[in-house]
Structure formats: structure tokens, C-alpha cells
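Reader: I am new to this structure. Please pick one part and take me through it closely, along with what surrounds it.

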Amino acid sequence: SNPPAAPPPAAPIAGGVRATALGDSVMLGAAYELARVLGSVDVDAAVGRQMNTMLGILQSRKDSGQLADVVIIQVGNNGPISKDQFEQMMELLSGAKQVVLLNVHVPLPWQDTNNAIIGDGIRHYKNATLVDWHAFSEGHPELFWSDNVHLRPEGAAAYVSLIAANIR
């Protein structure tokens, strides 16, 4: 059963949310919309980013005090992630008030394993919230460009609405 079509674009959050958003090219495609809705967001997203790079970025940002209270993460589009890497990531984020973690919609062999690792792993961390981007976007090809991964403007609006709705 398909979820309903995309929600309308989110209204900007009054007063803004101080957030750090880390991700890959999918998040990069929503960077403008993230800034519009969340206000004070530091988006650090790059094409092709994988989990090992993400762990390095988290470590250096943690060491230099450059992680906001709310950290939004999307990782797992560009290659497999392991349980160990997931736990390392959550350990680095243990000081965050809230970690908003998106799973992946990517028609590649590692999609389901990565989503299982994220879904199972997240339950062990009180500060973490899962945004089930996979379930939400399944059956909605209109949200994506022809690669079925990267976001059209409607996709970016839906992606950010879901994130905004999950920020405590």
C-alpha cells in the first residue's frame, strides 16, 4: 500500500532550529529547502559521500565543537554500512540532544541491508529519531529524477517536510 502523495511544503519553523545536517548528494539536493524551513541549519553534504567519510567528519566536528543540538544525518546511499560503523556514528553523536536519521531510497543492492541496520540500530539510542524516507517515498516516482534516487523539487519539499515534522 502506497503512502499518501507528498505533503505540501513545510512552513518555515518559527525562530528556526539550530541544526547540523550531514549527508550525500540526496541531501545536497534539498539544501536550499532545508535552509528555508529550518532557518539556522549548517548543511554539509557532498556527492558520493560514504560512511567512512561521514565518521571522519563527525569526529572532527565533535572535536571542534561544530555539532548543533539537533543533528540530521543521511548516509547509506553510496555503499554498504556496517553495524559497527552505525554504532561508531551514534557514539560520536551521543552528545546531541536529537539525532534525526533518514534511511535510504536507492535501487541498489545495499539499500535493504542499510535500512535494516539503521532501523534496528536506532532503537538503542534515546536521542535518535528515524525518518522512514524509504517507506514514505516508495511508489512515488514523481519525487525523484530518472535515477530514482535524487530529488526533484517536489521530492526535496517532501523530504524536508518529513524531517521538520520529526524535530522535537
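Author: This is a predicted model. Take helix 7, residues 153–166. Helix 7 has 14 residues. From its first C-alpha to its last, helix 7 reaches 20 Å, close to the 20 Å expected at 1.5 Å a residue.

Now its setting. Ten of the 14 residues of helix 7 are buried, so the helix is largely enclosed by the rest of the structure. Buried here means under 20% relative accessible area. The buried residues are G155, A156, A157, A158, Y159, V160, S161, L162, I163 and A164.

What covers them? The cover includes three helices and three strands. The helices are helix 1 (25–28), helix 2 (31–38) and helix 6 (133–137). The strands are strand 3 (70–74), strand 4 (98–102) and strand 5 (128–131).

Those strands belong to a sheet. The sheet is open and has five strands in the order 2-1-3-4-5, with parallel pairing. Strand 2 (41–45) and strand 5 stand at the edges, each with a single partner strand, so one side of each is left without a neighbour in the sheet. From one strand to the next, the twist averages 15 degrees. Look at strand 3 and strand 4. They pair in the parallel sense over five bridges. I72 stands opposite V100 in strand 4.

Other helices lie across this sheet. Helix 3 (residues 51–63) lies across strand 1 (19–23), strand 2 and strand 3. Helix 3 runs at about 155 degrees to strand 1. Helix 4 (residues 83–92) lies across strand 3, strand 4 and strand 5. Its angle to strand 4 is about 150 degrees.

Next, the nonpolar core. The largest one has 33 residues, and I72, W133 and Y159 touch the most other members. Two or more residues come from each of strand 1, helix 1, helix 2, strand 2, strand 3, strand 4, helix 6 and helix 7. Helix 7 gives the most to this core, with seven residues.

W133 shows the link to helix 7. Leaving out residues up to four places away in sequence, W133 touches G155, A158, Y159 and L162, among others. All four are on the list of buried residues in helix 7. The contacts of W133 also include Q74, L102, N103, H105, L143, F144 and L151.

Apart from this core lies another, of 22 residues. Its members include M51, I57, I122 and A128.

Methods
Residues numbered from 1 in each chain as written. Predicted model: local features only at pLDDT ≥ 70, side-chain atom pairs only at ≥ 80, totals over all residues. Heavy atoms only, no water. Expected span 1.5 Å × (residues − 1). Buried < 20%, exposed > 50% of the residue type's maximum accessible area, 1.4 Å probe, protein only. Contact = heavy atoms within 4.5 Å. Pairing = 2+ DSSP bridges. Axes fitted to C-alpha atoms, helices over the stretch in contact; angles between N-to-C directions. Core = buried A, V, L, I, M, F, W, Y, C linked by side-chain atoms within 4.5 Å.
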